[in-house]
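Colleague: I have a model open and I'd like to learn how to read it. Could you walk me through a few features?

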Amino acid sequence: MTKFLSSLVMLLMLTTVNSFAGDASNGQQLYGKCVLCHGANGEGKESQKAPQISGQFDWYIVKALNDFKSGARKNPTMMPYIKGLSQSDFEDLAAYISQIKVK
């Protein structure tokens, strides 16, 4: 039982650490398209029904973008902005967004 708990704690610790090695500077360039809805600092905009994304875990951002693109998560507003982006672009965006300080 102790080994199980130790393994579980280690797994939880690993999932809370940034797990993608995206290029934050490229992500910042790509983020220019996101500003309209999510704001310059990722603060979100109620008028656009866009949530705050600054400070979000990179793995969560990548998963959300993949889910939007695949249709597993529905948001037609996002599709024009992400449909031409690659997995590497998603990782770059995540690297940038995850390091934006929450205000």
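**A patch, a fold and a buried acid**

Modeller: Start at the surface: F57, W59 and Y60 make a nonpolar patch there, together giving about 270 Å² of accessible area. This is a predicted model, with pLDDT of at least 70 needed for local features and 80 or more for side-chain atom pairs, while totals for chains, interfaces and linings use all residues. Residues are numbered from 1 along each chain as its sequence is written, and side-chain values use heavy atoms, leaving out hydrogens and water.

Colleague: What puts residues into a patch?

Modeller: Patch members have over 30% relative accessible area and no salt bridge; like charges are joined within 9 Å, nonpolar side chains (Val, Leu, Ile, Met, Phe, Trp, Tyr) within 5 Å. A salt bridge means a side-chain nitrogen of Lys or Arg within 4 Å of a carboxyl oxygen of Asp or Glu. Areas use the Shrake-Rupley method with a 1.4 Å probe, and for residues only the protein chains shown count as cover.

Colleague: Where is F57 in the chain?

Modeller: F57 sits in the loop between helix 3 (35–38) and helix 4 (58–70). Helices are DSSP runs (H or I, at least four residues), strands likewise (E, at least two), numbered from the N terminus. The chain has six helices and zero strands.

Colleague: And is D89 buried or exposed?

Modeller: Buried is under 20% relative accessible area, exposed over 50%, partly exposed in between (1.4 Å probe, protein chains only). D89, in helix 6 (residues 87–99), is buried and has no salt bridge. Its nearest side chain of opposite charge (Lys and Arg positive, Asp and Glu negative; His and chain ends not counted) is K33, 7.4 Å away.
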